Amino acid sequence: MANRLTCLIIASILLPFMASGQSVTFYSSEDNINIPGVAVQISTVKGKTIKSGITDASGQFSLKGVDFPAVLKTQHLSFSPIIDTLYQRTDYRFALTPTITDLDEVVVTGQFSPQSVKNSVFRVQTINAEQIERRGAITLQEALQSQLNIRLSNDLAIGSTTVSLQGISSQNVKILIDGVPLVNRNGNGNGADLSQINLQQIERIEIVEGPMAVNYGANALAGVINLITKKEFKNRTEISANLQSETAGDEIGPDAGRHIQSVGINHRISDRWSAMVSGLHNDFQGYQGSATGRTYEWNPKDQWTGTGLLKYDTENFSAFYRIDVLSELIESFGRQQDNYTNEGEYQPFAIDEEYKSKRFSHQVQAEGKTNFLDRYNLFASFSDFERKSSQFANNLVTDERTLTTGEGDQDTSTYQVWELGGAGYLKPVDNLSLQLGYQVSLESVGGGRIADGDQSNEEYAVYTSAEWELNRFTLRPGLRYTVNNNYGNQLLPAMQLKYGLGENANVRLSYGRGFRSPSVRELYFEFVDSNHRIFGNPDLQPEKSNHFGVNFINQYKLSGQNVSSDLNFFFNDITDQISIAQDPANVSNTTYVNINRYKTLGGTLSQKATFNKLSVSLGLSYIGRYNQINEGASDLDEYFFSPEVSSNISYQFTKLNTSVNLFYKYTGALQSYFATTNDQGEETISIGEIEGYSWLDATVTKGIGQHFELMLGARNVFNIQRVNNSGVSGGAHSGGSSVPIAFGRSYFVKLSYNLNLK
Amino acid sequence: MITKSTLKLWAAVAVLGFASACSDDDGPIEEPAAAGAVVAPAVGGPDQPNQVFVDLSAEETYVVERNGWDLGFYSGSEYRVIINNPTSAFARAIDKTDLTTVTAEDTVGMGAQLDINAIFGTLFGPQVPEWVSEATTWMDAPNGDISQTAIAAVSATESQNQVYILNRGNNPDGSNRGWVKLRVLQNGNGYTLRYAEIASETYQEINISKDTEYDFVSIDLDNGAEVSFPKKNNWDIMFSVWTNVIPFSATTSIPYSYKDFVISNTARVEVAVVEVAGDVTYDSFDFTGVGSLTFTNDYDAIGSGWRTTSSPGSDQGPGVVDTQFYVIKDTGDNYYKLKFTRLVDPVSGERGNAQFQYDLLVQ
């Protein structure tokens, strides 16, 4: 008792001296518990750093040796930073507000260094691996199914799915893998077939709307979709395997529907070396639906994909090599056609088509620090894409199979790209960061109907941008200069402005200039038959766009729960859009010319909230698409607007180790003007529309023991197959009067196995 | 059984006719109508160089090279001249009546106006020229209406017959057949044709007599010679490339060249389309079904409706529409059911290799 009393007295005498001017303590405003690990920087009022470090286990940081007044700054992953001036040598206690980390993901697209969504100067939307997983999504197409401002369209003839963003077509949406364009049949990053992109080793999908031309160059007028691959893992060895079986509409069984098998192995070889290998087989047996005989409504598609990653890490340097492989076979079975041989024998036949795609992408990326650069990264990639289309005549009696001889029946198109680039980051003063980068693209494209069979595109670019922080403002000007062997120089400015309204609220203004390179097809196409004389135009200029965006984000607490809201407006104005036109030099020919104008404008409002085990998001968008026909007839609407509604709901039953997830999107009707003939035989302008439709996916996942997880899901719950298209005018090639969306409601079951070895 | 379309067959018919004529019966020869056959008209593959006329009851075909003739002189009561539709020929009058004074200056603008590819191309131009809406008047009406030809009725008053500039259309390989200036006059119960190359200061002249066994007497401007066609009662349907008119936009119809098109002998043949449904199939159809059909004598009653082609974004390839067949009342008033079996060659997969099957409906 006496000892205790003594201690107390001594302590009460000594404590004021010990604490006096000696330390600063941080505690959480939420639960008053002291926070260890807060990064603290003390500097003079003139900005010279005196002292920095992190708080100890009791949340204290010593102020020993500090001259006052001094400026205190903090950083912590889970708490908002503070800046304050300490005027005298005394004991300080600061309450730190927990940040809303649940909703705030780290993004890299267009960033100087990994950055939170909220603090990014660009508006970046993300879909993370967990969300991909919960949806049972295998390909990018499935993952983007309920994304706002994104619409997918299917080409049943060649089995591809392309994307439009902000009402702008896929030729202007650039798909990147770790920042490097994904080469595909139609382009270097743009026009990609989303069904060919598997998400097995994808950590996160980052979507930035608006041209990211300063950083990513051409063909991103609408925006970029950057797939961030998995490179980190926790355990020494991780093994995963998945089996997934899916019906196609009501077609089910081993020879129907879709069957997916995948394996992945991650292994840490040493402190510095790690490797990841994965493979996936996505076997879609086709959907016959209302097709008869040998034919399918949705053609069978068999995909094998694989990835490999070898990574080297030290404190100041990391590098990886990644390989992505795709092999895809799409078979299109023609219907039985009657035929009598010269001898009068009945020998029906069918014309079948095959599309074989192969893609190898090699990528080396390195990142590190040097004495004069805060950070640098370098990449080199080589992609080799080949698509072979073959057409066969099958004698259905003798089973003889011969290649047909029509023009264009057999074709191999190739696309090879070397992409090299790098960027360095400097921080000459505290509130200014600079980025300097270069990029080289060397493309070689070959195939039938390409003049001389083979053409090339070379582009060299340098770019720079700065991030300048001024109180609550962050200003990011950027500039890119490119030289292209086909159409010369481009100078592309961009400007982003972010203003912090409060700790969790920001306003962003953005302006960007973008361009789309004429595709090799547009430059060098050749197609002549009795009805067509189409030639590419080597003198084409790029399509150019101006993009304006305004964005407000706010994250706040609603009855103790995290809510974030995002209000966004955009306007895109594309000039010199390339369209097919009469060749002024030879009126018998048609060619590609820079003549069209296109604009889109719109707004989106989205809300996300997490209430304990329930997370809900709701988004609305309203996009107007320009009608160029209005330029000649001002009584016609300049824009047709179309709404979208998107909502994801997820609930966790923690005790049952179960989650239930719903993914919904309403895609509004899309109107357009088209020519039609009325009852009196007069031709008139009418408004046609592609019907709107609702899409819903639902899944339930349940963990079974330590290693297994079972998932049951339904895709396309509303059983949408085709939507009506009333906007079809007559003509030689009037398409169908409906637009294919999917093959009807389908169900899937997925079994996952995970083994982690420490 | 297969019928091969060769002139030999026609020779055989002639011999047969001769033999018959020598028999006791001196009246008109009534060959029994063919019971039916499988026929592969020799259209000639993807470039479709031939027009193939089919006589169902005689089980014969007659081949004319589609770029082997230029003008057809009407043998009916009116004085009319047609230009070659299958090659997409176009003709336009100029305000002159003296061929020798016509020069290239008189044809300014016609390089685009009278060229099917150029007309099509204007639709993609920055500004669609006003004349595009007139373009279909510079070709003959595709339905064969003799009152709507590019060249106006040939007047008995010589001075009213203007000079026409004729683009002779395109060869099967796509090359142009050249341009001529021409003028047609009445000449008794026939015609006088004067023609020359555009820059020529002289011209050639030929006289053409009407021949009522034929709808038209056809002339090849390469040599001024008459070209042999089947007699007007000796064909029912004809396979050819056909320059049709399609509406393209709200204000514009344009000429468009169709391949694998089937024309009826409009004045003499009627066609009904039968949809396959339930019990109604080609095999089961017999004469009792004819009464409920609606027949038309439209030129394109078969047209392009019998086949499908590949089009962008569609999985559908070229082939026949197998959900329908036809009933044809031929020039001899026989009723035949007719079903297309194929559009493309079963080995090469190329178009211009149609085949059909037909059977007599016994009354």
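Where is P69(A) found? P69(A) sits in the loop between β4 (60-62) and β5 (70-75) of chain A. The peptide bond leading into P69(A) from F68(A) is cis, with omega near 0°. Most peptide bonds are trans. This is a predicted model, so geometry of this kind is a computed result.

**Chain A overall**

Chain A has five helices and 45 strands. Its C-alpha atoms fill a box of roughly 120 × 60 × 55 Å along the principal axes. The radius of gyration is 29 Å. A compact globule with 758 residues would have a value near 27 Å, so chain A agrees with that expectation. Buried residues make up 40% of the 758 residues in chain A. Among contacts in chain A with a separation of 6 or more, 58% link residues 24 or more positions apart.

**Positive phi in loops of chain A**

Most residues other than glycine have a negative phi. Two asparagines of chain A have a positive value. N149(A) has a phi of about 70°. N149(A) lies in the loop between α3 (140-143) and β11 (150-155) of chain A. Is N149(A) buried or exposed? N149(A) counts as buried, because 25 C-beta neighbours lie inside 10 Å and the cut-off for burial is 20 or more.

N716(A) has a phi near 55°. The loop that holds N716(A) runs between β42 (708-715) and β43 (722-724) of chain A. N716(A) is buried as well, because 21 other C-beta atoms lie within 10 Å.

**Strand pairing**

Strands of a sheet pair through backbone hydrogen bonds, either parallel or antiparallel. In chain A, β33 (residues 543-558) and β34 (residues 561-582) pair in the antiparallel sense. G549(A) has F570(A) in β34(A) as its bridge partner. β33(A) and β34(A) form a hairpin with two residues between them. In the turn, S559(A) has a positive phi of about 40°. β34(A) also runs antiparallel to β35 (residues 590-611) of chain A. There, Q582(A) has T590(A) in β35(A) as its bridge partner.

Chain B offers another antiparallel pair, β14(B) and β15(B). In this pair, the bridge partner of V245(B) is P255(B) in β15(B).

| Strand pair | Bridges | Sense |
|---|---|---|
| β33(A) and β34(A) | 15 bridges | antiparallel |
| β34(A) and β35(A) | 19 bridges | antiparallel |
| β14(B) and β15(B) | 10 bridges | antiparallel |

**An open sheet in chain B**

β14 and β15 belong to an open sheet of four strands in chain B, with the order β4-β3-β14-β15. The pairing is antiparallel. Why is one side of β4 and of β15 of chain B left without a neighbour in the sheet? β4 (60-65) and β15 stand at the edges, each with a single partner strand, so one side of each has no neighbour in the sheet. Neighbouring strands of this sheet are turned by 35° against each other on average, direction ignored.

**Two domains of chain B**

The domain assignment splits chain B into domain 1 (2-66 + 233-360) and domain 2 (71-221). The contact takes 20 residues from domain 1 and 19 residues from domain 2 of chain B. Which elements give two or more residues to the side of domain 1 of chain B that touches domain 2? They are β14 (237-247) and β15 (253-264) of chain B. β14(B) gives the most to this side, with six residues. By type, the residues on this side divide into eight nonpolar, 10 polar and two charged.

Definitions and conventions. Residues are numbered from 1 along each chain as its sequence is written. Chains are lettered from A and ligands numbered from 1 in the order in which they are written. This is a predicted model: local features need pLDDT of at least 70, side-chain atom pairs count only at pLDDT 80 or more; totals for chains, interfaces and linings use all residues. Domain bounds come from an automatic or database domain assignment. Two residues are in contact if their C-beta atoms, placed from the backbone, lie within 7 Å. Ala, Val, Leu, Ile, Met, Phe, Trp, Tyr, Cys and Pro count as nonpolar, Asp, Glu, Lys and Arg as charged, and the others, Gly among them, as polar. Two strands pair if DSSP finds at least two bridges between them. Axes are lines fitted to C-alpha atoms, for helices over the stretch in contact, and angles run from 0 to 180 degrees between N-to-C directions. The radius of gyration is taken over C-alpha atoms; the globule rule is 2.2 Å times the number of residues to the power 0.38. A residue is buried if 20 or more other C-beta atoms lie within 10 Å of its own, exposed if 12 or fewer, and partly exposed in between; C-beta atoms are placed from the backbone.
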